[in-house]
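Here's a quick look at the pockets in this one. Pull up the model and follow along.

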Amino acid sequence: MPSTDLFLASSLVLLACVLPASLLTLLARRAGWGNGAVRRTVWTGALIAFVLLIGQAAVVIWVEAGAARASVDQAALDWVVANRDGWETGFAIVLAAIGGTAALTVLTCAAVLVLGYLGHWQRALLVAGASAGSGLLVIGFKNLYDRNRPPRVDQLIHYGGHSLPSGHALGSIVVFGVLAAAALPVLRRTAQVWVVAATAALVLLVGWCRVYLGAHWATDVLTGWLLGGAWLTFAVTALALMSRAPDPDVPAESDAPADPRQAGADTAEASR
């Protein structure tokens, strides 16, 4: 492996594994590591993220061996090219815009402003960090894997740059997922089900549109989902730990007396 690729790979390991692990360790200590529920939250999140990272590594090895294109990628591309339709093309272009960098950035900024306005600055910073981190992961892994996009003749819109992983697939699962996770605690159970279902459907549709438009191979999208899913798992686990830890933005109950009359009595007693 060239020295530049080794440095890039090391940087990505630091970003994708070491930094999230450090953050979760800090949050777990604040939430109380002695609490069994806290430990289960951390270990469950770590296990899911590990499985997803192993899964994306397996897909990349499959791609590098050339078996993916021969068995899945080319067949999927040939099928969508042969079955393209006018209204589906328009729908796919709209989905590509929704899952693109510009739309995800605007959505993230709006969410950060709302959370900050409501006083949830820790959650706002987490949402911003998750979104920014997903962008760095896309850039880093695209340069590391260095895979070419499908042939230009099959692309409805010509795209440059590398193909693996799909930035739309990775970015959409992280941004839509972390925003849904941040919103769930304040929603009723029925609304939670609808939000989760809508988020999953939107992520799947954004991935589909990248293959439909000829911008990516199917395994590019799958790798983006797996890698983004691991990053999302870290973010959701962090949100869960934040909900268990004392919120520094909210005064503790012991900081203010429960009864104003008692406060007046205490003040009078102290002045004697």
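How do the residues of the lining of the second largest pocket divide into nonpolar, polar and charged? The lining has five nonpolar residues, 12 polar ones and three charged ones. Bear in mind that this is a predicted model.

So much for its chemistry; now for where that pocket sits. The second largest pocket has a volume of about 320 Å³, and 20 residues line it. T101, L104, G135, V138 and G167 are the ones nearest its centre. Helices α5, α6 (121-145) and α7 each put at least two residues into this lining, with α6 giving the largest share, seven residues.

Now the largest pocket. About 600 Å³ of space lies in it, and its lining runs to 25 residues. Look for A180, A181, A182, A183 and L184, which lie nearest the centre of the largest pocket. The elements giving two or more residues to that lining are α5 (101-117), α7 (167-183), α8 (189-212) and α9 (218-244). Here the largest share, seven residues, comes from α7. As for chemistry, the lining of the largest pocket splits into 20 nonpolar residues, four polar and one charged.

Here are the two pockets side by side:

| Pocket | Volume | Lining residues | Nonpolar / polar / charged residues |
|---|---|---|---|
| Largest pocket | about 600 Å³ | 25 residues | 20 nonpolar, four polar, one charged |
| Second largest pocket | about 320 Å³ | 20 residues | five nonpolar, 12 polar, three charged |

Helices α5 and α7 turn up in both lists: each gives two or more residues to the lining of the largest pocket, and each supplies at least two to the lining of the second largest pocket.

Definitions and conventions:
Residues are numbered from 1 along each chain as its sequence is written. This is a predicted model: local features need pLDDT of at least 70, side-chain atom pairs count only at pLDDT 80 or more; totals for chains, interfaces and linings use all residues. Side-chain values use heavy atoms; hydrogens and water are left out. On a 1 Å grid over the protein atoms alone, a cavity is a set of points where a 1.4 Å probe fits but cannot get out, and a pocket is an open set with protein on both sides within 12 Å along at least five of seven lines; lining residues have an atom within 4 Å of a point. Grid points are joined across faces, edges and corners, and a volume is the space filled by probe spheres set on the points. Helices (H or I, at least four residues) and strands (E, at least two) are DSSP runs, numbered from the N terminus. Ala, Val, Leu, Ile, Met, Phe, Trp, Tyr, Cys and Pro count as nonpolar, Asp, Glu, Lys and Arg as charged, and the others, Gly among them, as polar.
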